[in-house]
Amino acid sequence: MRIGIDVGGTHTDAVIMQGDNVLASTKALTSADVISGITNALDVILNDSGISQNEIETVMIGTTQFTNAIIERRELAQVAAVRIGLPSGNGMPPMLDWPQDLKDALDSEYYMLHGGYLYDGWSLADIDQQEVSNMINSMLKSGVKNIAIASAFSPINSAPEEQVANEIRKAIPDAKITLSHSFGRLGLMERENAAILNTTLLPFADKVVSSFLGALKKRDLHCPVYISQNDGTLMSADFVRSYPALTFASGPTNSLRGAYKLTGLKDAIVVDIGGTTSDIGVLQNGFPRESNVIIKVGGVRTNFRMPDILAIGLGGGSIVSDDGTAIGPHSVGHKLVTEALVFGGNTLTTSDILVASGGANIGDKTKVAHISPQTIRQAKKTLHSMLDNNIDMMKPGGKSMPVILVGGGAILVTEGLEAASDIHRPEHAGVANAIGAAIAQIGGEAEQMVSYRTLPREEAIKQVTKDAMQRAIDAGAAADTLRTVDIEETPVPYMDESSTCIRVKVIGELAALPTNTSERIQESTL
């Protein structure tokens, strides 16, 4: 028995699931304090299902709180960024290309130290203890407690980051430190950016997680709590306190995973239509296709694991031109219930077109009786054309694929889509994101550059897989359920023959009880 919750900008969706069955669901408005919105949603589903709190085994929460904090430049803590990589890179200090307003919000300072490694594993420079001491003295004077450390090629050799972090902890025991190798990929500046964004959210993460746990405690839910992350898997609540940035883009990811669970289609295009935008993504083997390009979060280049999502300005609150030839990208958003024509407002929206065409019975349909049939036909044509064109852009290799429609705005699609081989409208599609959170598993990922000349391929993959498994276990997975879902081998040009970057992703079920992870990982088979 699981509860899945997705806290969006407009709605908080919640479901109770027993196995694959949805026992109760609700879509409530997200409250300003977020917590009361969650408790209200919990009250509805617990009351509707008749389920006792004691029967709930786990609660899974998806949230946009941390993404919104970066975008809105709020709840961000002062950060000290430490780069270990001199003498190279001196001309490109940390946060060089960041938006100025975000840099100001962080009130950041940075330090550049000698050290790090080259791509082939050779030492770039030795750590200068005097530099480290001077840096720590400066931190003590400024009072900064949130510190991001990034070292050149630390995913290959993390020793410099760990060494400097240990020195800082000795002097500043209550420091909150992010080491870039622990969740970033190769690529110093993007990995460094990711570590800095994570670090500035650490105090806020403590507050958000504590609030979530407090809301559940108020409803007598004392079971384990997990938070959704970018790749469709889960983290324990305590893990999120250290890695809040891993929740970026978890909303669209939950919708894709929910669409998979509701239809059983492992390979499909998913269109999640909300109030303001439609998110179009691709399911590959039941999981979101990951983006292969640099992802910007709040204007900052990062290399997070992010789903490949195409967002377009089409939703239930999108503004429609008088002749129906243009829709969006502007939207009335959460003000739909006051500004749309059917609710007594003065703005023509896609929801008004839907009611005027007889596709739904919401609001007062007499308020849209004056809309001409030509405008209705044109608006519907424009809407379906927008979806067709953008679905075509997301097709892998241009091949025809089924389309799954989810989200509260899915009712806008009243006709067929030329870009779809067939269309699926599953039951409970409106809360697919909460279902995606409820069914999520625990994942782990590791990346390393190796040379097959010095380390045989099978042994290299086994080594990277073991690292990925350990990260999954640390996040709350049961070691005996772990399985490898993706192995990516990328030959590296301009290096010794057989130099390859290996990336491995594993997933597993939730661990029922804490275990001796060092023993269990040895027992796991690859």
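These legends go with four close-up views of a predicted model. Local features need pLDDT of at least 70 and side-chain atom pairs count only at pLDDT 80 or more, while totals for chains, interfaces and linings use all residues. Residues are numbered from 1 along each chain as its sequence is written, and side-chain values use heavy atoms, with hydrogens and water left out.

**View 1. A four-strand parallel sheet with helices packed on it.** The sheet is open, and its strands come in the order β6-β5-β7-β8. Out at the edges sit β6 (109–114) and β8 (176–179), each with a single partner strand, so one side of each has no neighbour in the sheet. Strands here are DSSP runs of E, at least two residues, and helices are runs of H or I, at least four, numbered from the N terminus; two strands pair if DSSP finds at least two bridges between them. On average, neighbouring strands are turned by 20° against each other, direction ignored. Strand β5 (residues 80–86) is joined to β6 by 6 bridges, and Ala80 has Glu109 as its bridge partner in β6. Helix α4 (residues 129–142) lies across β5, β6 and β7 (146–151), at about 170° to β6. Helix α7 (residues 202–218) touches β7 and β8, making about 110° with the direction of β8. Axes are lines fitted to C-alpha atoms, for helices over the stretch in contact (heavy atoms within 4.5 Å), and angles run from 0 to 180 degrees between N-to-C directions.

**View 2. Helix α6, mostly covered.** This one spans residues 188–200 and reaches 18 Å from first C-alpha to last, close to the 18 Å expected (1.5 Å times one less than its number of residues). Of its 13 residues, 11 are buried (under 20% relative accessible area, 1.4 Å probe, protein chains only). Among them are Arg191, Ile196 and Leu197.

**View 3. The lining of the second largest pocket.** A pocket is an open set of points on a 1 Å grid over the protein atoms alone, where a 1.4 Å probe fits, with protein on both sides within 12 Å along at least five of seven lines; lining residues have an atom within 4 Å of a point. Of the 37 lining residues, Arg185, Glu290, Asn292, Glu488 and Arg503 are the closest to the centre. Strand β22 (483–491) is among the elements giving two or more residues, and its 6 make up the largest share.

**View 4. Val413 in its loop.** Val413 sits between β19 (401–406) and β20 (420–424) and counts as buried, at 1% relative accessibility. Neighbours within four places in sequence aside, Val413 contacts Ile273, His384, Leu387, Leu405 and Arg425. Leu387 is 26 residues away along the chain, with 9.2 Å between the two C-alpha atoms.

Conventions:
Buried < 20%, exposed > 50% of the residue type's maximum accessible area, 1.4 Å probe, protein only.
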